[in-house]
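I opened this entry to record what I looked up, starting with a metal site and going on to a strand and its neighbours.

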Amino acid sequence: MIKYKSAREIELMRQAGLIVAGAMKLAREMIKPELSTVELDVKMTDYVVKHGGEMAFKGYRGYPANVCVSINEELVHGIPDSRRIKSGDIVSVDVGVRYKNYYADAAFTVGAGEISEKAKRLIEVTQKALDMAIDKVEPGRHLFEISGTIQNFVESQGYSVVRQYVGHGIGTELHEDPQVPNYRISPEEQADVILKPGVVIAIEPMVNEGSWEVETLKNKWTVVTRDRKLCAHFEHSVVVTDSGYDILTKE
Ligand code: MF3
Ligand code: CO
């Protein structure tokens, strides 16, 4: 069941979103060779708590850290530890914040030091897939158009979209209805929804350089590409407004 948000609820989600945006900005500034992923977790958490937010992922289904930091072939749910980022790595950071009982969630991928041209292109295409999908958000739009935009663009660039993980509604819970797949769904499928003002969705293209298949490592969390090729992830929490959209996780 989709929960439509009131103007007051959107205002609280915007506050949560601004904290997420600030934490992401901090992460972008910090990501450099030699930084350990746990330092990033600690600094982002300090930032969020200082701004009145709570870390949304910690304890979610037993997740053991505050943020997710996933490197190279790691797609999502990388657990921060003492491992250090190296020049040439591409680093995906995913952060969720709860503020006065409302959630916001966003992610980005960035290169550390000098990265290859192919890594740069993968990051650019994934970012563009998110931008194109967000641009489609307006009242009356079918969800399958958002999903289709992502898959069509990503595949036109020679990459693939992950199937096992999808975007989602967000509000008083981190994951609410509807699911927001990054692959085409048919209008008949239950997954289809017509967007209306007050719907808030986290759109999050997960793009693989090679095949779309992923698997989970023995630590039960870290999701990697099956072929161990590179992957990238961008996410914003977006509200449907009367005339279009507003990105809540952007300053
Ligand atoms: N950011 C993820 C999402 O968009 C959630 C992370 S799951 C957690 O759905 F377990 F790591 F918290
Ligand atoms: Co999400």
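I looked up the cobalt ion (ligand 2) first, in what is a predicted model. Along the chain, its donors follow the spacing D-x62-H-x35-E-x30-E. I listed the protein donors as Asp-105 (OD), His-168 (NE2), Glu-204 (OE) and Glu-235 (OE), which lie 2.0 to 2.3 Å from the ion.

I then checked where two of these donors sit. His-168 is in strand E7 (residues 167-169), and Glu-204 is in the loop between strand E9 (200-203) and strand E10 (206-208), so the pair ties together parts that are 36 residues apart in sequence. Are His-168 and Glu-204 buried or exposed? I found both of them buried.

Next I turned to strand E4 (residues 90-99). Nine of its 10 residues are buried, so the strand is largely enclosed by the rest of the structure. I went through its pairings one by one.

Strand E1 (residues 54-55) runs antiparallel to E4, and two bridges join them. Here I noted Glu-54 opposite Arg-98 of E4.

Strand E2 (residues 68-71) also pairs with E4 in the antiparallel sense, over four bridges. In this pairing Ile-71 stands opposite Val-91.

How many bridges join E4 to strand E5 (residues 102-111)? I read off 10, with the two strands antiparallel. Ile-90 has Gly-111 of E5 as its bridge partner. The hairpin of E4 and E5 has two residues between the strands, and there I noted Lys-100 with a positive phi near 45°.

Key: Residues numbered from 1 in each chain as written. Chains lettered and ligands numbered in written order. Predicted model: local features only at pLDDT ≥ 70, side-chain atom pairs only at ≥ 80, totals over all residues. Heavy atoms only, no water. Buried < 20%, exposed > 50% of the residue type's maximum accessible area, 1.4 Å probe, protein only. Pairing = 2+ DSSP bridges. Donors = N, O, S within 2.8 Å, 3.2 Å for Na, K, Ca; no water.
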